[in-house]
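Morning, everyone. Please have the sequence and the model open while I talk. I'll start with one residue and work outwards.

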Amino acid sequence: MIRDKLLIAFDGTNAAGKTTLIYSVASRLKEQGLNCEVLVEPARNSPTADAILLYNQGSFDMPAQLELFALHIVQCVRATKNSTLIISDRTPISTMAYNDMLITNRTKHEEDLINVAESFTDVWTSYYDIIFYCQDYFVSTQEDDKIRKGDDEFQKTLDAKTRQLYEKAGANLVYIPKGLSLTERTDFVINELKKARGL
C-alpha cells in the first residue's frame, strides 16, 4: 500500500498477455465502482527503449535502465493523487532482471549502481499489496513485432531470474494458473483481490 492506496502489479514473460489482462481487470473493477488507474509499462513509453528496440540505435546501458527503474516508481507515486487502486504493468524487479541479462560487462561504477538499485528495489517491493505473475509462455511469431520478437531461451532465463528476484524481495506473489482464458484469468484475479482486500 502506498499513501493509503492499494497498489497491485502484473508481471511475467513478454507476450504472456499481461497488458490485455490488466485492462480486463481494470474494466471489471470500474464496473464495480472502484476508481483504479492502469500504469503502462515504462519501456512502452521510453524514447530510449524505442530507439534501441525499433531502430537499433545504441544498446541498453545503466542510464537507459535507470530511466526505466525510476519511471516505475514515479508513476506509482503520481497515481496516488487521484486513484483508489493502482495497477502497474511490471515493477522495478523486472528492470533489475533485465539489468542482470543485458549489462554483463560491468564497470565497478555500474556494479555499485546495480547493487544500490537492487537493495532499494527489495524495500520498494513491500509497497505492492499483490503482484500477479502470469505463468503462460507465448512465443511471438510475428516478424514485424520488433518489441516482442526475441530469443526464446533469453525469455525463459529472464523469467527464472525475475521469479528469483521476487522471492528474494519477499514479494506477495500470486501465480496465475496456466492455460486459462482471458475471462477465467480475470475472474481469478478479481477473486484473489476480494479474498485479500475485500474488493
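Which residues does S88 touch, not counting residues up to four places away in sequence? The list is I8, A9, F10, I22, L39, H72 and Y128. Contact here means heavy atoms within 4.5 Å.

Before going on, the ground rules. This is a predicted model: local features need pLDDT of at least 70, side-chain atom pairs count only at pLDDT 80 or more, and totals for chains, interfaces and linings use all residues. Numbering starts from 1 along each chain as its sequence is written, and side-chain values use heavy atoms, with hydrogens and water left out.

Back to S88. It sits in strand β3, residues 85-89. Helices (H or I, at least four residues) and strands (E, at least two) are DSSP runs, numbered from the N terminus. S88 has a relative accessibility of 1%, so it counts as buried. The cut-offs: buried is under 20% relative accessible area, exposed is over 50%, and partly exposed is in between, with a 1.4 Å probe and protein chains only. The side chain of S88 also reaches the backbone oxygen of R90, at 2.6 Å. That falls under polar contacts: a pair of N or O atoms within 3.5 Å, where within protein one must be able to donate a hydrogen and the other to accept it, and residues adjacent in sequence count only if both atoms are side-chain atoms.

Now R90 itself. It lies in the loop between β3 and α4. Its phi is near 75°, a positive value in a residue other than glycine. Most residues other than glycine have a negative phi. R90 is buried, at 3% relative accessibility. R3 also has a positive phi, near 50°. Is R3 buried or exposed? R3 is exposed, with a relative accessible area of 59%. It belongs to the segment before β1.

Next, the whole protein. There are seven helices and five strands. From the N terminus on, the order is β-α-β-α-α-β-α-α-β-α-β-α. Of 199 residues, 48% count as buried. Take the contacts with a separation of 6 or more: residues 24 or more positions apart account for 78% of them. The exposed surface is about 10100 Å², and carbon and sulfur atoms supply 50% of it. Those areas come from the Shrake-Rupley method with a 1.4 Å probe; for residues, only the protein chains shown count as cover.

On to the cores. A nonpolar core is a set of buried Ala, Val, Leu, Ile, Met, Phe, Trp, Tyr and Cys residues joined through side-chain atoms within 4.5 Å. Which members of the largest core touch the most other members? Y128, I131 and Y166, out of 28 residues. β1 (6-12), α3 (62-79), α4 (92-102), α5, β4 (130-134) and α6 each supply at least two residues of this core. Another core lies apart from it, with 22 residues, among them V25, F132, I176 and V189.

Y128 takes us to the aromatics. The search of the whole structure gives six aromatic pairs. W124 and Y128 have ring centres 6.3 Å apart and planes at 85°, so this pair is edge-to-face. The criteria: rings of Phe, Tyr and Trp (its six-membered ring) pair if their centres lie within 6.5 Å; planes under 30 degrees apart are stacked, over 60 edge-to-face, the rest tilted. W124 and Y128 are both buried. Together with Y127, they form one aromatic cluster.

Last topic, charges. How many salt bridges does the search of the whole structure find? Eleven. Each is a side-chain nitrogen of Lys or Arg within 4 Å of a carboxyl oxygen of Asp or Glu. Take K168 and D122, with the closest N and O atoms 2.5 Å apart. This pair links distant parts of the chain: K168 is in helix α6 (residues 152-169), D122 is in helix α5 (residues 108-124), and they are 46 residues apart. K168 is partly exposed, at 48%.

R163 and D159 make another bridge, at 3.4 Å. Both lie in α6, four residues apart, about one turn of the helix. Both are buried. Elsewhere, salt bridges that share partners join D100, R106, E111 and K161 into one network. Within that network, E111 and R106 meet at 3.3 Å, N to O. E111 is partly exposed at 30%, and R106 is partly exposed at 25%.
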